[in-house]
Amino acid sequence: MGDPAASDAAPQHLMALRRANEVRLARAELKRRIGSQELSAASVVLGCPWEADSMEISDILMSQRRWGRARCRRLLLSLGMPENKQLGTLTQRQRFELAAVLSQKVGDEEVVQPMRQRERALVTA
């Protein structure tokens, strides 16, 4: 007859494929939103949504318009961060630093102002 272990593995396998597809689609949508400038990369770095948690920093940066591997590598090298580091593994300080540099490059004051307020709060604490 049928192997019971094989029948149990099939649903788990299908669930894993379904989950992988959900993550892939969510990441693609996130990249599209960053590319269309509907969402800034700096706000993704600060907010770290679930779909970006295990993404490499370089993937997020390169989804911006006019950002290629060289520009991404140059920025991350200046901050002392490897390209393949996952966004979810960044410390709060590294996130603030990366977001500040990104928002200055694109002139996004919506992201810079709250960060400056947080930095002041950290300094006075």
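**Close-up views of a six-helix chain**

**View 1. The buried side of helix 4.** Cys72, Leu75, Leu76 and Leu79 are the buried residues of helix 4. They lie on the same side of helix 4 because they cover an arc of only 90 degrees around its axis. On the face turned away from that buried side, helix 4 carries the exposed residues Arg74, Leu77 and Ser78. Just past the end of helix 4 comes glycine 80, whose phi is positive, at about 75 degrees. Please keep in mind, here and in every view below, that this is a predicted model.

**View 2. The whole chain, for orientation.** Let us step back for a moment. The chain has 6 helices and 0 strands, so its elements read α-α-α-α-α-α from the N terminus on. It is made of 125 residues, and 33% of them count as buried. Taking the contacts between residues at least 6 apart in sequence, 62% join residues at least 24 apart. The chain exposes about 8300 Å², with carbon and sulfur atoms supplying 52% of that area.

**View 3. The largest nonpolar core.** Which residues touch the most other members of the largest nonpolar core? They are Ile60, Leu61, Leu87, Leu98 and Leu102, out of 25 residues in this core. The elements that give two or more residues to it are helix 1 (4–35), helix 2 (41–47), helix 3 (57–62), helix 4 (69–79) and helix 5 (92–106). Helix 2 gives the most, with 5 residues.

**View 4. Leucine 102 and its surroundings.** This view picks out one of the core residues named above, Leu102. Setting aside residues up to four places away in sequence, leucine 102 touches Ala41, Ala42, Val45, Leu61, Gln64, Trp67 and Leu75. Two names here may look familiar: Leu61 was listed with Leu102 among the residues that touch the most other core members, and Leu75 is one of the buried residues of helix 4.

**View 5. A salt bridge between glutamate 22 and arginine 19.** The chain's count of salt bridges comes to 5, and this view shows one that involves glutamate 22 and arginine 19. Their closest N and O atoms are 3.6 Å apart. Both residues belong to helix 1, where they sit 3 residues apart, about one turn of the helix. An α-helix has 3.6 residues a turn, so residues three or four places apart point the same way. Are these two partners buried or partly exposed? Glutamate 22 counts as partly exposed, at 41% relative accessibility, and arginine 19 also counts as partly exposed, at 44%.

**View 6. A salt bridge between glutamate 29 and arginine 32.** Staying in helix 1, we come to glutamate 29 and arginine 32. In this salt bridge the closest N and O atoms are 3.5 Å apart. About one helical turn separates the two residues, because they are 3 residues apart in helix 1. Glutamate 29 is partly exposed, with a relative accessibility of 37%, whereas arginine 32 is exposed, with a relative accessible area of 52%. The cut-off for exposed is over 50%, so arginine 32 passes it.

**View 7. A salt bridge between arginine 33 and glutamate 38.** Here the side chains of arginine 33 and glutamate 38 meet, with 3.2 Å from N to O. Arginine 33 counts as partly exposed at 30% relative accessibility, while glutamate 38 counts as exposed at 56%.

**View 8. A network of salt bridges.** Which residues are linked in a network of salt bridges? They are Arg69, Arg73 and Glu83.

**View 9. Cysteine 48 and its positive phi.** Most residues other than glycine have a negative phi, and most peptide bonds are trans. Cysteine 48 is not a glycine, yet its phi is positive, at about 45 degrees. Where does cysteine 48 lie? It is found in the loop between helix 2 and helix 3. With a relative accessible area of 15%, cysteine 48 is buried, because buried means under 20%.

**View 10. Arginine 66 and its positive phi.** Our final view shows another residue other than glycine with a positive phi: for arginine 66 the value is near 60 degrees. Arginine 66 belongs to the loop between helix 3 and helix 4. Is arginine 66 buried or exposed? At 77% relative accessibility, arginine 66 counts as exposed, whereas cysteine 48 in the previous view is buried.

How values were computed
Residues numbered from 1 in each chain as written. Predicted model: local features only at pLDDT ≥ 70, side-chain atom pairs only at ≥ 80, totals over all residues. Heavy atoms only, no water. Core = buried A, V, L, I, M, F, W, Y, C linked by side-chain atoms within 4.5 Å. Buried < 20%, exposed > 50% of the residue type's maximum accessible area, 1.4 Å probe, protein only. Helix = DSSP H or I, 4+ residues; strand = E, 2+ residues; numbered from the N terminus. Contact = heavy atoms within 4.5 Å. Arc of directions from axis to C-beta. Salt bridge = Lys/Arg side-chain N within 4 Å of Asp/Glu carboxyl O. Areas by Shrake-Rupley, 256 points an atom, 1.4 Å probe, with all protein chains shown as cover.
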